[in-house]
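Here is a short report for a first look. It covers the ligand site, the cysteines and the domains.

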Amino acid sequence: MRLEINNVTKKFKHKTAVNHFSMVIEANECVGLIGPNGAGKSTLIQIIADILTADEGHILLDGQKISAKKDQIGYLPQYPNFFSWMTAFETLLFMGTLSGLSKTQLQKDIPLILAKVGLAKEAQTKVGTFSGGMKQRLGIAQAILHKPTLIIMDEPVSALDPIGRREVLNLLKEIKKETTILLSTHILADAEEICERFVVIKEGQKIEDATKSQLLNRSQESAIYLTIRKEDYEWLKQVEHFPYVKGIENIGDGFKISVHQVEEDAYRLLQHGLDQKIAFTKFEIGVKESLEEIFLALVVEV
Ligand code: ADP
Ligand code: MG
């Protein structure tokens, strides 16, 4: 499996929803497409699912046009629609038949899929009585019914309460072991738990494409922030030459000491200072940026 999104643009009248967007997804990846509301996530996902047509660019699955490979893709819309009077079993039978699967095969497969998404006991229960998490798990069942190699999900957990969210995230953790996943979300924490790679979209454009550790390493800073009395400034001359100190910078009435291993080095530095009778008025370990902060900085500033 290899999905190639090549320079895709989609306009609605004067609004450019997706703007020259390109990315590649390789087999077994779980990619989070992250962006604020209105960024173009649903539009892009619907183009991948071959529900919308791009004005420019193209999408290839294993080198072929997506329209010829539709059976390889499972799609979970942002707002899946079910008939409340159908049971879970009937829903999957109905949707499976619509997508061209044989009834005999479906009769065999549906119980297995329902078990997989944790709805085996609810097979004969009407969908109208389902919680948000149960409906979303049924939506996922529908998306994996034809055993696709790629599943694309539009905000699969955004609208759920904490219990529903947990149910669905746990299910996705199972599914990602055997299938490539692309999911969209405007809540970073949703993607953070299951995706290794994050693609950030804003105003239709890709503004970031990186793994979790790349993102964290890029903006993480290990530093100690301290303030000492003027009489003690001489001590900083020694500090400057410590092998674990990368640099000293004056910030306001204090100093930022850049180091390699902040926890360990902060302890050594504090110990040394106390031995030298340095009176610290402030001694703080630099707070590492979280993914959430990195994401917000990207989306708000760019
Ligand atoms: P997201 O899913 O990231 O919230 P969408 O892809 O739904 O964003 O929308 C991207 C932009 O395109 C928004 O400004 C939205 O208003 C606009 N848009 C989406 N669908 C349509 C449509 N059918 N007609 C006109 N504008 C649309
Ligand atoms: Mg959307």
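## The ligand site

Ligand 1 is surrounded by Phe-12, Lys-15, Ala-17, Pro-36, Asn-37, Gly-38, Ala-39, Gly-40, Lys-41, Ser-42 and Thr-43 (a residue is near if one of its heavy atoms lies within 4 Å). This is a predicted model, where local features need pLDDT of at least 70, side-chain atom pairs count only at pLDDT 80 or more, and totals for chains, interfaces and linings use all residues. Residues are numbered from 1 along each chain as its sequence is written, chains are lettered from A and ligands numbered from 1 in written order, and side-chain values use heavy atoms, leaving out hydrogens and water.

The shell divides into four nonpolar, five polar and two charged residues. Strand S2 (15–26) and helix H1 (41–48) each supply at least two of them. H1 gives the largest share, three residues.

Three distances to oxygen atoms of ligand 1 follow.

| Residue | Atom | Distance |
|---|---|---|
| Gly-38 | backbone N or O | 2.7 Å |
| Ala-39 | backbone N or O | 3.1 Å |
| Thr-43 | polar side-chain atom | 2.5 Å |

Taken alone, ligand 1 exposes 560 Å², and the protein buries 59% of that (Shrake-Rupley method, 1.4 Å probe).

## Cysteines and domains

How many disulfides are there? The count is zero, with a disulfide taken as a pair of cysteine sulfur atoms within 2.5 Å. The sulfur of Cys-30 is 3.4 Å from that of Cys-195, its closest cysteine sulfur, too far for a bond. Cys-30 is buried at 2% relative accessible area (buried means under 20%, with a 1.4 Å probe and protein chains only). Cys-195 is buried too, at 3%.

An automatic or database assignment gives domain 1 (2–217) and domain 2 (222–286). Their C-alpha centres lie 49 Å apart.

Terms used: Buried means under 20% relative accessible area, exposed over 50%, partly exposed in between (1.4 Å probe, protein chains only). A polar contact is a pair of N or O atoms within 3.5 Å; within protein, one must be able to donate a hydrogen and the other to accept it, and residues adjacent in sequence count only if both atoms are side-chain atoms. Helices (H or I, at least four residues) and strands (E, at least two) are DSSP runs, numbered from the N terminus. Ala, Val, Leu, Ile, Met, Phe, Trp, Tyr, Cys and Pro count as nonpolar, Asp, Glu, Lys and Arg as charged, and the others, Gly among them, as polar.
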